[in-house]
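Hello,

Here is the structure I promised to pass on to you. Have a look at it first, and then read on for what I found in it.

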Amino acid sequence: MRPTVTAYRALLGAQVRAQTQYRFSFWLDAVASSVISLLDIVAVLVLFRATPALSGFSVRQCLVIAALGNVAFSLADASVGNIDTMRQYIRTGRLDAMLLRPLGVLPQLVFGDFAPRRLGRVLQSCVVLVVTLVLVHPQWTVGRAVLVVVAPIAGAVIFSSVFVAGSTVAFWFVESGEFANAFTYGGRDFTLYPVSIYPGWFRGIFAYGLGFAFVAYYPALALLGLPDPLGAPPALAWCSPLVAVPAVAVAALIWRTGVRHYRSTGS
Amino acid sequence: MGMDLAWPRAGTLRTGIALAGAGFRRWSTYRQATIAGAFTNTIFGFLRCSVLLAVAAGAGGVAAGYRGSQLVTYVWVGQGLLAVVQLWGWTELADRVRTGDVQSDLLRPVHPVLSYLTADLGRAGFALCTRFAAPLVVGLLVFHLYLPHRLATYPLFGLSMLAATVVSFGVRYLVNLTAYWLLDIRGVIVAWLLCANVLTGLYFPLAFLPDWLQPVLWYGTPFPSILQAPIDVLVERGTVGHQLVILAVQLGWAAAVLALAVLAQRRAERRLVVQGG
């Protein structure tokens, strides 16, 4: 176990040092990526310049949904988001080298491509969540306090599962990396708004099939004490961890199948 | 490097067509990426369309002067256009600067700005047939799209799309040129992404922004000329005169960014150090 930890730490350290070499680029990158994720929140505010309500939700209520989704996504993006570079490893044949090492492929990818700038986003999204909660001042109970911590973590696990499962597409179709973006970045966009705005079948796939309704929407309803306009039972708000567990299981299964299926591109 | 902007004497047009054709053919070989990209654009079409229709419904049918059907066109045409103008992910030139491969570009008898531009137009042509068409067809089948009422809008939209591609190319070229100074341009790319996502009109129609900010963006930056301009021409915001003004702004920016690219290219070549390898 010991040498494994040392190896991962060495990978992580090398990556951090490499990326901070070009200092101007690094800081521009760090600042700009924080601003980019803030834009999701700005977008909600801009949309509300054109309308007083979105599917019956006020701007503050929508901000809580968006902020919860943002924290979950930024946590997942910081931990496993770099998995989408895997298709370059497959295309160039560098994955062969990874398979030869006595370390797991997934952790090698995660630690070996770690982007420290993404931590700025996590911090920024947490600040936004606190600010929006201060704005709506929900009636705090022990349950809601637990929920506000557990929901983003469960949401991050759901997002991470989608990241990992999506990246495996590259095992079958080398050049189709963008396909996964529909569900990872698409999922992020989906969680920013009340699920009631989406057309039925589309909502079915994203909200329940992929579990994105449990990232921000249902927890936000419980925090705000609002009923679901679609008529779902209030207990669903507490089900995020129950959705996260099978999501991880499915992602792990898809990942294993993908790695077993891997045939080198031979280049 | 004493290159001038002129094509080689023999076969002026032929060189351009050959380069554009090569760009078209090159991108047509990335079949999986094309399908995956069109699929992703279509999913985002559903996402954005749902949000903006909810905005229009909340605003009582008309949001910032756009009717629901115009917003639907804005979304689906926008999802296709972003591939035509290639809003994201072009770092080819920067990679060539970093690896030193760029030296072979500089040895060619055609000015690099012109050769990259013609190749990019070929790429845009391929994207028009595939990445633009796919989400548009889905949008037409599933939603009620606003279609132009005036016949003149179609050629105007074509011109506007061409100008948008040139402006986008010019900005991307300038972004890539910073590699001569920085080598690692990740940060500049993210900064460009920031502008590309918000100031071009991709995240939301720019008309949703405060009134004082809109002219600043349209006249002071090239970004609205890349997406919002062709879309506004297509959904016939205002009169024919308004469409012509939009087109004029785009052409102005196209000329400006190309001139800047040529200028920056000249400065950059003095910085070129081919890294040993």
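**Charges, chains and a few residues**

The mean positions of the 20 positive and 11 negative charges of chain B are 3 Å apart. In chain A, there are 19 positive and 10 negative side chains, and the centres of these two sets lie 7 Å apart. Before going further, please keep in mind that this is a predicted model.

**Chain A**

What is chain A built from? Its secondary structure consists of 13 helices and zero strands. If you follow chain A from the N terminus, the order is therefore simple to write down: α-α-α-α-α-α-α-α-α-α-α-α-α. 

How does the overall size of chain A compare with the globule rule? A compact globule of 267 residues would have a radius of gyration near 18 Å, and the 19 Å of chain A agrees with that. Along the principal axes, the C-alpha atoms of chain A fill a box of roughly 55 × 40 × 40 Å.

Of the 267 residues in chain A, 53% are buried. Looking at contacts in chain A between residues at least 6 apart in sequence, 76% join residues at least 24 apart. The surface that chain A exposes is about 11,900 Å², and carbon and sulfur atoms supply 69% of it.

One residue in chain A is worth a click. A:H137 sits in the loop between α7 (117-136) and α8 (142-167). Its phi is positive, at about 20°, although A:H137 is not a glycine. Is A:H137 buried or exposed? With a relative accessible area of 59%, A:H137 is exposed.

**Chain B**

Chain B has 12 helices, and two strands as well. Read along the sequence, the pattern of chain B is α-α-β-β-α-α-α-α-α-α-α-α-α-α. Chain B has a radius of gyration of 19 Å, close to the 19 Å that the globule rule gives for 277 residues, so chain B is as compact as a globular protein of that length. The C-alpha trace of chain B spans about 60 × 40 × 35 Å along its principal axes.

Buried residues account for 55% of the 277 in chain B. Among contacts in chain B with a separation of 6 or more, 81% are between residues 24 or more positions apart. The accessible surface of chain B is about 11,600 Å², with 67% belonging to carbon and sulfur atoms.

Three residues of chain B make good stops on a tour.

- B:A64 lies in the loop between β1 (62-63) and β2 (66-67). Phi of B:A64 is near 50°, a positive value in a residue other than glycine. B:A64 is partly exposed, with a relative accessible area of 31%.
- B:L183 belongs to the loop between α8 (179-182) and α9 (186-198). At 24% relative accessibility, B:L183 counts as partly exposed, because the buried class ends at 20%. In sequence, B:L183 and B:D95 are 88 residues apart, yet their C-alpha atoms are 8.6 Å apart in space.
- B:I231 is part of helix α11 (residues 228-234). Its relative accessible area is 2%, so B:I231 is buried. Which residues does B:I231 touch, not counting those up to four places away in sequence? They are B:Y74, B:V77, B:G78 and B:L81. For B:L81, the C-alpha atom is separated from that of B:I231 by 8.8 Å, with the two positions 150 residues apart along the chain.

**Where the two chains meet**

How many residues take part in the contact between chain A and chain B? On the chain A side there are 42, in contact with 37 residues of chain B. The size of an interface is often given as the accessible area lost when the parts come together. Here, the area buried between chain A and chain B is about 3,400 Å², and carbon and sulfur atoms give 74% of it. Of the area that chain A buries against chain B, A:I36, A:L47 and A:E178 supply 14%, more than any other three residues.

If you have the model open, A:I36, A:L47 and A:E178 are a good place to begin on the interface, and B:I231 is one to pick for a buried residue.

Best wishes

Terms used
Residues numbered from 1 in each chain as written. Chains lettered and ligands numbered in written order. Predicted model: local features only at pLDDT ≥ 70, side-chain atom pairs only at ≥ 80, totals over all residues. Heavy atoms only, no water. Helix = DSSP H or I, 4+ residues; strand = E, 2+ residues; numbered from the N terminus. Rg over C-alpha atoms; globule rule 2.2 N^0.38 Å. Buried < 20%, exposed > 50% of the residue type's maximum accessible area, 1.4 Å probe, protein only. Contact = heavy atoms within 4.5 Å. Areas by Shrake-Rupley, 256 points an atom, 1.4 Å probe, with all protein chains shown as cover. Lys, Arg positive; Asp, Glu negative; His and termini not counted. Charge placed at Lys NZ, Arg CZ, Asp CG, Glu CD. Buried area = accessible area lost by both parts, 1.4 Å probe.
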